[in-house]
Amino acid sequence: MSKIKFLVFAFIFSIAISCGQQKRYITYKVQEGETMRDIANRLDMKTRDLLRLNPDIGRKPVPNTTIIIPNPKFKNTTSTNIGESVNENEDIADVIEENNAEISENPTDSIKVVRVTYDYITHTVQPKETVYALTKKYNLSKDELIKLNPEFPGIKNNVLSIGQVVKVKAIENKIELPLEEDLKNFVTHDVKPKETVYSITRFYNITKDELIALNPEYPGIKDNYLAFGTRLRIRAIEDKLSSDEKTFYEDIIDIDEPINISFLLPFKADSYANNNSKDIFESNRLANMVTDFYLGAEMALDSIKAQGIALNVSVYDTGNRDEKVSEILENNLLDDADVIVGPFYNDKAEEVAKSVGVPVMFPHYSKSQSSFSASKIVKTEADREIHAEYLANYLRETYDGQNVFVVGDDSEQSNKNVKTLVDELTKHDSITKVHVLKPKDNYIDKARFTDVMKEKSDNIVVIASSDRVVVADALNSMIVLPEEVTVQVFAVEKGSAYDKIDNNKLARVNFSFITSSYADENASYVKAFNKKYKAKNNTIPTEYAIKGFDITYDVLMRLASGKSLIDTFNEGVSIRLENKFDYDKKFFGSTTNKGLYIVKYNSDLSLTRLK
């Protein structure tokens, strides 16, 4: 028999907190005529730090607005959480409402953690041994054996394999250690102003229940309460993902001057002068894309202005295929812009980017965008090669002994994807073979999969092709497989090749795909946006409307920090309504957004985000 060390995250906390501890942060009601700068000066702190504590409040708050400030009466020789020591100021303290909500510090020094671990006594299955024989030999029930071995579901049906190592008894051990020492065993996150339980779970792709279970010493999480500065456990350190190295971009408003934003969009108003709206939009994909994009952008402009940020907005109709771009440049109409959104066409985007000194946001994906060379261009969607790299990275991190297949064709893009996948996957020490399948005589025979799929094996199939026939062949081959053979199918992208494929078929093969946008339709902020958009535009927002909102809002919020847009790209990842912005600025060449998701079909046809 042997013992296997196995950690289970169960905690018992003893917390000793002084009841007489003063509040470090308290609330203050803004007086008539006061600005955030006035209040900060009287507290002997920086305006920027006060705004960080109150990210939803502008520089000129409305009288009687309640804000968070450091407690002037807090006695501490160390600096506050915002980096400044605060001197006592009776003038401010006299008008404090002492019973309002606070932002508290967490006295972690007084918390002890009891980590519960288990040693397992195991048994190696011999020929002719049965589940019943094991339960009798080790004096446990079948249900107890099943519970000890969730990785072997066959036990429920009395199925055992020769050589299988099963756990037959758990021996509990308890180790007490300080909280700070325990935190070293986890990926952690320090709560910042404006962050919520939802934003943190969304960023790290964990559930609220998982966050609660990992942090039982903070019961307020259940009611969506987070204290500024709290250090939260996210996941066990051995389960750390490469994405855990990323940081949130913190929205900070620290600008007094207006932001100048210019839109270059091909509305083609002159071409449609004699058409009614039905003729324009009924079958005109470009007209719908451009109009929806700008309607979403307008929502973002309204939201930014509501936060006290001044804007100067210029909108230019670039005409048919952006033919008016050269004229706009010749007339120096973009000279005062801080950022430019558009044009829609590749060649015109390059032309603008080479003529101006500010970032040019290319607002959608184009097959030709990988050839961009102008340093001012910012690609708001990832190149397809990045899709393949992102997927390969996820599969490396989650690999657990499966057979790996990559399905491609001989197109240039597919060959690039296949090469990227194979090169990245084989960096994993245990992935020594990737089976690459391409059509023979315009067809991929199912036997080319099943001949490799061993009995009781788990398999991963990655589709790196956008060819309809290749996609159909791969998916059809996965529908009926030998007994106890499992498969999960991934796609570098879910494009038009999947338009006529039944979603039930995709769900049956655990279909997962890379996408640049993902929304939790049940999230309150999504529902609120949809309701507001419909009230204003009498329709629900399309993909391009949400793209217009997300790109515009993200750009303006980053510029509101008072820093250059490019500098903010180094300060973290932002997730807006549906789109993630994880920009990578090359020393030479354009900037690329690497913000992607991996999404999986569930059996009920709902979607779950894997990464």
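Biologist: Let's start with an open sheet of seven strands that has mixed pairing: what is its strand order?

Modeller: Happy to trace it with you, keeping in mind that this is a predicted model. The sheet is open and its pairing is mixed. Reading across its seven strands, the order is 9-8-10-11-12-21-20.

Biologist: Which strands are the edge strands there?

Modeller: Look for strands that pair on one side only. Moving from one strand to the next, you will also see a twist that averages 20°. The edge strands are strand 9 (311-317) and strand 20 (583-585).

Biologist: Which residue stands opposite Ile261 in strand 10?

Modeller: Strand 8 (residues 259-265) and strand 10 (residues 339-341) run parallel, and three bridges join them. Follow strand 8 to Ile261 and then step across to strand 10. The residue you meet there is Val339.

Biologist: At about what angle does helix 10 run to strand 8?

Modeller: Helix 10 covers residues 285-306 and lies across strand 8, strand 9 and strand 10. Helix 12 (residues 346-353) also lies across strand 8 and strand 10, along with strand 11 (360-362) and strand 12 (377-379), and runs at about 165° to strand 11. For helix 10 against strand 8, the angle is about 170°.

Biologist: Is Gly548 buried or exposed?

Modeller: Gly548 lies in helix 19 (residues 543-559). Leaving aside neighbours within four places in sequence, Gly548 is in contact with Phe293, Gly296 and Ala297. Its C-alpha atom is 6.0 Å from that of Tyr294, although the two residues are 254 residues apart along the chain. Residues under 20% relative accessible area count as buried, and Gly548 has 0%, so the answer is buried.

Biologist: Now for the other open sheet of seven strands, with strand 14 at one end of the order: what is that order?

Modeller: Here too the pairing is mixed. The edge strands, each pairing on one side only, are strand 14 (435-437) and strand 23 (607-609). Neighbouring strands are turned by 25° against each other on average, direction ignored. The order is 14-13-15-16-17-22-23.

Biologist: In which sense do strand 13 and strand 15 pair?

Modeller: Strand 13 spans residues 403-407 and strand 15 spans residues 458-463. Phe405 stands opposite Val461 in strand 15, which is a handy spot to look at. The two strands pair over five bridges, and the sense is parallel.

Biologist: Which strands does helix 14 touch as it packs on the sheet?

Modeller: Helix 14 takes in residues 412-425, and its direction makes about 160° with that of strand 13. Helix 16 (residues 468-477) lies across strand 13, strand 15 and strand 16 (486-491), running at about 170° to strand 15. For helix 14, the strands touched are strand 13, strand 14 and strand 15.

Biologist: Why do the buried residues of helix 14 sit on the same side, and what arc do they cover?

Modeller: The buried residues are Ser414, Asn417, Val418, Thr420, Leu421, Glu424 and Leu425. An α-helix has 3.6 residues a turn, so residues three or four places apart point the same way. The face turned away from the buried side of helix 14 carries the exposed residues Glu412 and Lys419. The buried residues lie on the same side because the arc they cover around the axis is only 165°.

Biologist: How many residues are in the largest nonpolar core?

Modeller: Phe449, Val461, Leu475, Val489, Tyr498 and Phe511 touch the most other members of this core. Leu475, for instance, touches residues including Ile463, Ile501, Leu506 and Val509. A second, separate core of 41 residues includes Ile309, Phe529, Leu556 and Leu565. The largest core has 49 residues.

Biologist: What is the relative accessible area of Ser512?

Modeller: Ser512 is found in strand 17 (residues 512-515). Not counting residues up to four places away in sequence, Ser512 touches Gln488, Val489, Phe490, Ala491, Ile598, Val599, Lys600 and Leu610. Ser512 is buried, and its relative accessible area is 0%.

Biologist: And what share of the residues in the protein chain is buried?

Modeller: The chain has 20 helices and 23 strands. Among contacts between residues at least 6 apart in sequence, 70% join residues at least 24 apart. Of the 611 residues in the chain, the buried share is 49%.

How values were computed: Residues numbered from 1 in each chain as written. Predicted model: local features only at pLDDT ≥ 70, side-chain atom pairs only at ≥ 80, totals over all residues. Heavy atoms only, no water. Pairing = 2+ DSSP bridges. Helix = DSSP H or I, 4+ residues; strand = E, 2+ residues; numbered from the N terminus. Axes fitted to C-alpha atoms, helices over the stretch in contact; angles between N-to-C directions. Contact = heavy atoms within 4.5 Å. Buried < 20%, exposed > 50% of the residue type's maximum accessible area, 1.4 Å probe, protein only. Arc of directions from axis to C-beta. Core = buried A, V, L, I, M, F, W, Y, C linked by side-chain atoms within 4.5 Å.
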